[in-house]
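Q: Please take a close look at the place where the ligand sits, and explain what surrounds it and how that space relates to the other hollows in the protein.

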Amino acid sequence: GKEGKRYVIGVSQCSEDIWRDKLNEELKTATFPEDEVSLQFASADDNDTLQIRQIEQFIKEGVDLLVISPNQAHAITPVVNKAMRKGIPVILFDRRTDGAYTAFIGANNVEIGRQMGDFVARQTGHRGSVVEIMGLKGSSPAADRHRGFMQSIAKYPGIKLVSLQGDWTKASGKRAILDLKRRQGADFCATIDYVFAQNDRMAMGALEAGVLGKRTKLCGVDALPGPEGGMRLVADSVLSASYIYPTRGDLVLKLALNILKHRPYSKENLLQSALVTPDKAPLMRMQADEMNMQQQRIQDLHKKLDLFFVRYHHQKVYLLFTVII
Ligand code: FRU
């Protein structure tokens with residue numbers, strides 16, 4: 001329960017998927033040693049209006065700090081500004097708004113786009129037909145990854161690039177490629193050399209469309225561990241590369257506590273990350289799985305401890321009761 005806790009942190013997630021789940025679990029685990037913190041989660045299902053309503057609710061409840069991943073930058077800016085005006089510190093993570101905030105934590109998405117562009121350019125021998133599937137329009141990682149990717153690709157006149165609009169979902173990756181087929185024809189799709197999808201889910205959607213050629217290679221971003229994640233897809237060479245998009249819930253919580261306890265903190269907190277290719281994927285996958293197992297162990301232990309304290313409390317009450325009668 002949250003009784004007696006000194007700090008309530010509202011976490012406003014724009015979406016629900018395995019990347020967000022991983023982050024939420026890491027945030028929860030990070031609170032175990034911190035008795036004075038309680039987390040409240042809201043998930044907006046990729047919907048600006050819903051996210052605005054959820055943040056309004058957090059403001060009304062008087063949370064002590066907000067952790068927000070804004071769905072679309074413009075739309076979420078006013079409500080974040082409002083929270084800031086009311087004196088609630090706001091941490092933006094992974095995605096940005098274009099207004100006020102206390103601190104940002106996340107990866108450098110321009111750099112991710114640039115490195116994926118360099119990778120694709122190298123792999124194609126600096127020529128060929130490349131298709132980019134972008135994430136949700138107006139979400140900052142989509143704009144940043146596109147900008148970085150373009151910076152790299154623009155150096156090579158031999159690469160013909162077509163950029164398509166997606167929305168981060170797998171279905172949007174499939175839709176984008178099927179639209180392309182309708183516009184440019186089946187032959188065009190079959191001769192694409194590389195598809196760079198701005199996340200692994202859209203890459204899998206593009207593959208599922210069933211119109212890409214045998215020679216078409218795919219790469220994405222996220223490289224999540226686990227059976228559904230992109231790390232496995234790279235290890236199995238379904239994707240020829242991905243890029244770890246770090247979650248680091250532990251660091252998000254640490255930043256939150258520094259702000260709440262008036263300790264020094266940086267406004268901009270960039271998370272390190274890395275390109276994942278099939279040669280490196282098996283080792284990286286082993287390490288990621290090990291990390292997951294450790295986190296699971298900590299969560300199991302925590303559950304046990306909670307149960308222990310519940311029983312201990314019952315016994316104490318029972319003893320007191322016997323003494324009284
Ligand atoms: C998860 C996600 C990731 C992507 C990120 C961008 O919700 O869609 O797949 O890398 O958000 O903000």
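A: In this predicted model, an N or O atom in the side chain of Arg 20 lies 2.7 Å from an oxygen atom of the ligand, and a polar side-chain atom of Asp 94 is likewise placed 2.7 Å from a ligand oxygen. Arg 145 also takes part, with a side-chain N or O atom 3.1 Å from an oxygen atom of the ligand. On its own the ligand has 310 Å² of accessible area, and the protein covers 100% of it.

The shell around the ligand is made of 13 residues, of which Asp 17, Asp 94, Arg 95, Arg 201 and Asp 222 are the closest. Sorted by class, this shell holds seven charged residues, four nonpolar ones and two polar ones. Two helices, α1 (18-31) and α5 (140-153), each contribute at least two residues to the shell.

The ligand occupies the space of the largest cavity, whose volume is about 120 Å³. Its lining includes Asp 17, Arg 20, Asp 94 and Arg 145, together with Trp 19, Pro 141, Trp 168 and Tyr 245, among others. The elements that give two or more residues to this lining are α1 and α5, and by class the lining of the largest cavity has seven charged, four nonpolar and one polar residue.

The count of cavities of 30 Å³ or more comes to two, and the second largest has a volume of about 50 Å³. Among the residues lining the second largest cavity are Trp 19, Asp 94 and Tyr 245, along with Phe 93, Ile 105, Val 252 and Leu 271. Strand β5 (residues 103-107) provides the largest share of that lining, three residues, and the lining of the second largest cavity divides into eight nonpolar, two polar and one charged.

Apart from the cavities, there is the largest pocket, which holds about 1000 Å³ of space. It is lined by 36 residues, and those closest to its centre are Lys 22, Glu 26, Pro 225, Met 291 and Asn 292. Helix α1 supplies at least two residues of this lining, as does α11 (281-324), while the largest share, ten residues, comes from α11. The lining of the largest pocket consists of 16 nonpolar, twelve polar and eight charged residues. Helix α1 thus appears both in the shell around the ligand and in the lining of the largest pocket.

Terms used. Residues are numbered from 1 along each chain as its sequence is written. This is a predicted model: local features need pLDDT of at least 70, side-chain atom pairs count only at pLDDT 80 or more; totals for chains, interfaces and linings use all residues. Side-chain values use heavy atoms; hydrogens and water are left out. A residue is near a molecule or strand if one of its heavy atoms lies within 4 Å of it. A polar contact is a pair of N or O atoms within 3.5 Å; within protein, one must be able to donate a hydrogen and the other to accept it, and residues adjacent in sequence count only if both atoms are side-chain atoms. Accessible areas come from the Shrake-Rupley method with a 1.4 Å probe; for residues, only the protein chains shown count as cover. On a 1 Å grid over the protein atoms alone, a cavity is a set of points where a 1.4 Å probe fits but cannot get out, and a pocket is an open set with protein on both sides within 12 Å along at least five of seven lines; lining residues have an atom within 4 Å of a point. A molecule sits in a cavity or pocket if more than half of its atoms lie within 2 Å of its grid points. Helices (H or I, at least four residues) and strands (E, at least two) are DSSP runs, numbered from the N terminus. Ala, Val, Leu, Ile, Met, Phe, Trp, Tyr, Cys and Pro count as nonpolar, Asp, Glu, Lys and Arg as charged, and the others, Gly among them, as polar. Grid points are joined across faces, edges and corners, and a volume is the space filled by probe spheres set on the points.
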